[in-house]
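Okay, thanks for making time, everyone. I'd like to walk you through one structure today, so let me put it up.

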Protein chains: 2
Amino acid sequence: MNPELIDKLVVPNDTKIVFLILDGIGGLPLPGGDKTELETADTPNLDRLAKKSICGLLDPIGYGITPGSGPAHFALFGYDPVKNNVGRGILSAAGINFPMTEKDLFMRVNFATIDGSGLVIDRRAGRIDDETNKRLCHKLREGIKLKSHEVFFETEKEHRALIVLRGDNLLEEIEETDPQKVGAPPISPEPLKPEAAETAAIIAELTDKARDVLSDEEKANMILLRGYAKYRSYPGLSERFGLKPLAIANYPMYRGIARILGMTVNSLTETIEAEFTAMRDNYSQYDFFFLHIKPTDSRGEDGNFDAKVKVIEEVDSFLPVITELRPDVLVVTGDHSTPALLASHSWHPVPVLLSSDTCRPDNVERFGERECINGGLGRIPTVYLMGLALAHAKRLTKFGA
Amino acid sequence: MNPELIDKLVVPNDTKIVFLILDGIGGLPLPGGDKTELETADTPNLDRLAKKSICGLLDPIGYGITPGSGPAHFALFGYDPVKNNVGRGILSAAGINFPMTEKDLFMRVNFATIDGSGLVIDRRAGRIDDETNKRLCHKLREGIKLKSHEVFFETEKEHRALIVLRGDNLLEEIEETDPQKVGAPPISPEPLKPEAAETAAIIAELTDKARDVLSDEEKANMILLRGYAKYRSYPGLSERFGLKPLAIANYPMYRGIARILGMTVNSLTETIEAEFTAMRDNYSQYDFFFLHIKPTDSRGEDGNFDAKVKVIEEVDSFLPVITELRPDVLVVTGDHSTPALLASHSWHPVPVLLSSDTCRPDNVERFGERECINGGLGRIPTVYLMGLALAHAKRLTKFGA
């Protein structure tokens with residue numbers, strides 16, 4: 001089924017839909033254990049909800065495919081994650097609300113540490129803080145002028161920044177310079193097709209100059225580039241589904257995806273509790289809410305099983321803030337799995353719960369991966385979730401006569 | 001999801017993957033019974049493995065579709081079984097390692113028995129032995145010369161042989177001459193499109209001459225043709241997935257599929273035990289193992305429920321030979337179902353078990369069709385199994401940023 005089939009069926013109404021996205025929620029047991037992070041967590045509110053909901057498992061991209069956050073979120077919002085796959089640069093740019101133009105090539109930057117012989121010894125430069133990042137961007141801005149193109153250096157968060165090249169004939173088909181491991185030198189930004197040679201030369205010049213400018217830094221003495229992306233635009237949630245969406249997310253990238261898909265993006269909040277409060281405070285003004293919880297993924301990436309359990313429990317404790325608002329449809333799921341066991345994203349399907357007055361009962365008694373196997377939603381591609389949410393919100397009319 | 005999406009994500013490593021394929025493993029209860037062949041079999045080793053694995057059901061081609069062995073195996077190895085469907089002739093040719101050229105048209109032959117009025121009375125000529133088959137092929141080779149094309153007669157096994165026509169403008173769109181039932185005459189090899197008229201005439205000439213040459217044979221006095229296939233080549237498992245594969249299979253057709261997909265094919269072995277031993281002996285030299293067990297299917301085709309149960313139990317008894325090698329991923333499944341009740345291949349989904357250190361627990365306690373319904377893999381198309389195996393072997397990188 002073409003995920004865009006639903007677009008033609010959309011009918012407007014006043015119902016409200018909430019997507020509570022716990023990034024990387026799906027997990028695995030630790031060796032010798034039998035329960036995932038979600039199964040281990042004490043989640044009385046989610047469990048109560050699961051009993052009245054329909055549950056299942058989502059495959060973000062496809063069987064065996066480990067998704068990046070970008071395509072995984074596109075799928076959550078009903079956009080084909082393969083067809084709409086883009087370099088992360090553009091998501092970063094949208095994330096910090098960089099004023100994009102059609103002549104832009106976006107790149108994601110890691111500030112990194114190289115040793116005396118040029119080998120990467122820390123891909124995150126000791127996770128420098130935002131203030132240092134800002135200082136370094138300022139230094140690069142001052143120190144680097146390119147012959148033919150404009151260049152912008154913008155802080156994202158911690159060790160991450162954005163570089164934007166602006167000019168004619170820029171192409172994104174360039175080798176990423178991040179070796180993705182320590183002990184190796186940065187990779188040369190070679191063109192991946194002949195027409196990209198000019199862009200590659202500019203990026204090589206940029207990288208060399210950045211190394212010079214940063215040479216006196218103790219930690220962040222190099223930049224690593226990835227996620228090249230040319231400018232591109234998308235039909236938004238309003239255009240496709242007639243929704244008035246609000247995104248509550250604190251990481252630039254998710255704010256970027258939301259912005260690219262035409263969502264209003266809430267001002268930054270500091271805590272998980274503050275995200276829930278922001279949702280309550282804005283509830284009357286929107287009809288679709290994307291509430292993004294990052295720390296489930298971060299603690300999974302850290303390999304910290306117990307800390308991930310605690311984040312899930314914290315989210316559970318705030319769930320009544322949403323349920324008391326009585327949205328017509330409440331979806332709780334993740335963009336992908338991030339098992340602490342693997343300390344990375346994984347290909348395992350993602351537990352999902354959809355709560356509405358029109359859910360047909362299933363036998364799920366508790367929100368967890370194992371229970372979701374036998375949920376009424378079955379195991380389905382994530383991209384169809386939005387259609388199900390719209391249907392339960394009575395926002396889709398009949399197909400055919 | 002396009003099954004070839006995984007190809008771009010492949011990263012090499014040293015992990016090992018074993019596919020233990022019990023041909024036709026899926027079954028049905030006999031009338032009055034409640035258990036399939038697999039559920040009836042005493043399989044302590046498979047059950048122990050199932051508890052620690054993730055289980056599910058595979059659809060080789062699609063709902064309700066009974067697969068031939070060719071497409072069913074293509075699907076197992078991650079090749080779209082519909083797009084890559086080929087006439088069995090080419091699989092037979094590869095199976096006996098026939099030196100193929102681009103000018104070849106391959107045909108599968110059954111030696112058969114016809115009665116005085118030309119009706120087929122035994123489609124397998126009493127399952128003649130290999131020696132008789134060789135004698136007959138020699139006789140045909142000596143007795144038949146065609147005007148315009150080269151022709152090759154090659155023994156496959158028992159009543160099965162291969163005919164290869166070599167020359168220009170050969171097409172495969174010809175009616176098969178095997179009536180697929182007794183009491184009917186062989187079908188005339190009519191062209192299925194006008195351009196195939198010349199090829200059809202050559203095949204008609206060939207069939208007539210073969211009938212003459214074989215007229216003094218008591219049993220094998222006729223040939224029946226099917227599985228016409230023009231030459232075609234495929235990217236192999238090495239090219240697509242970076243694997244170094246070994247096939248251990250004793251039937252020409254499966255050896256053929258393996259060869260077509262670039263696998264090294266082990267020398268013939270006599271028993272199931274010998275196949276397991278061959279795997280152990282070659283374990284260090286390869287990283288993907290296709291271990292094919294034919295008798296589950298053969299006994300299913302015979303309609304012999306008890307004998308199929310015994311084959312499954314025999315395979316179970318040798319399972320420790322594999323598990324003691326501790327492969328990173330062990331898959332146990334079949335290419336399709338062959339219920340003894342039907343004495344033929346069937347459309348029923350195939351139980352599957354995937355064992356690795358990164359399996360999320362499900363509630364399956366025993367390897368059987370009914371338990372697999374509730375397995376964590378769900379019910380998925382067979383073609384996605386290879387991607388899952390590669391993912392669990394950590395041989396696929398992330399999709400998108």
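Before anything else, one term: I'll say two strands pair if DSSP finds at least two bridges between them. And do keep in mind that what you see is a predicted model.

With that term in hand, let's start in chain B. Strand β1, residues 17-22, and strand β10, residues 288-293, pair in the parallel sense, with six bridges between them. If you want a spot to look at, find Ile21(B): across from it in β10(B) is His292(B).

Now zoom out to the sheet around that pair. In what order do the strands of this sheet come? In chain B it goes β9-β8-β10-β1-β11-β12-β2-β13, eight strands in an open sheet with mixed pairing. The edges are β9 (264-265) and β13 (378-381) of chain B; each has a single partner strand, so one side of each has no neighbour in the sheet.

Staying in chain B, have a look at helix α8, residues 252-260. It's mostly covered, with eight of its nine residues buried. Among the buried ones are Met253(B), Tyr254(B), Arg255(B) and Ile257(B). What do the buried residues of α8(B) pack against? Quite a list: α3 (69-76), α4 (88-95), β5 (150-157), β8 (245-248), β9 and β10 of chain B. So β9 and β10 come up again here, as partners of this helix. And just after α8(B) there's Gly262(B), with a positive phi of about 80°.

Next, the helix packing, still in chain B. Two packed helices are described by the angle between their axes and the distance between the axes. Take α9(B), residues 272-281, and α11(B), residues 305-323: the angle is about 20° and the axes are 10 Å apart. Angles under 35 degrees count as roughly parallel, and therefore α9(B) and α11(B) are roughly parallel to each other. The crossing of α9(B) past α11(B) is right-handed. On the α9(B) side the contact includes Ile272(B), Phe276(B) and Met279(B), and on the α11(B) side it includes Val311(B), Val315(B) and Phe318(B).

α11(B) has another neighbour to show you, α2(B), residues 44-52. Here the axes come within 7 Å and cross at roughly 50°, and that makes α2(B) oblique to α11(B). Pro44(B), Asn45(B), Leu46(B) and Leu49(B) of α2(B) meet residues of α11(B) including Asp316(B), Leu319(B) and Pro320(B). Leu319(B), by the way, also appears in the contact with α9(B).

Over to chain A, and strand β6, residues 160-166. How many of its residues are buried? Seven of seven. In a regular strand the side chains alternate between the two faces of the sheet. In β6(A), Arg160(A), Leu162(A), Val164(A) and Arg166(A) are on one side, Ala161(A), Ile163(A) and Leu165(A) on the other, and both faces are covered.

β6(A) also runs antiparallel to β3(A), residues 104-114, with seven bridges, and antiparallel to β5(A), residues 150-157, again with seven bridges. Leu165(A) ties the picture together: its bridge partner in β3(A) is Leu105(A), while Val151(A) of β5(A) stands opposite it too. β5(A) and β6(A) form a hairpin with two residues between them, and Glu158(A) in that turn has a positive phi of about 50°.

Last thing, the two copies. Chain A lays on chain B with an RMSD of 0.2 Å, by a turn of 123° and a shift of 0.4 Å along the axis. They're thus related as by a three-fold rotation axis. The copies use different surfaces, though: 6% of the contact residues of chain A recur in chain B.

Methods:
Residues numbered from 1 in each chain as written. Chains lettered and ligands numbered in written order. Predicted model: local features only at pLDDT ≥ 70, side-chain atom pairs only at ≥ 80, totals over all residues. Heavy atoms only, no water. Least-squares fit on C-alpha atoms with pLDDT ≥ 70 in both. Contact = heavy atoms within 4.5 Å. Buried < 20%, exposed > 50% of the residue type's maximum accessible area, 1.4 Å probe, protein only. Helix = DSSP H or I, 4+ residues; strand = E, 2+ residues; numbered from the N terminus. Axes fitted to C-alpha atoms, helices over the stretch in contact; angles between N-to-C directions. Parallel < 35°, antiparallel > 145°, perpendicular 65-115°, else oblique. Left-handed = near helix turned anticlockwise from the far one by under 90°.
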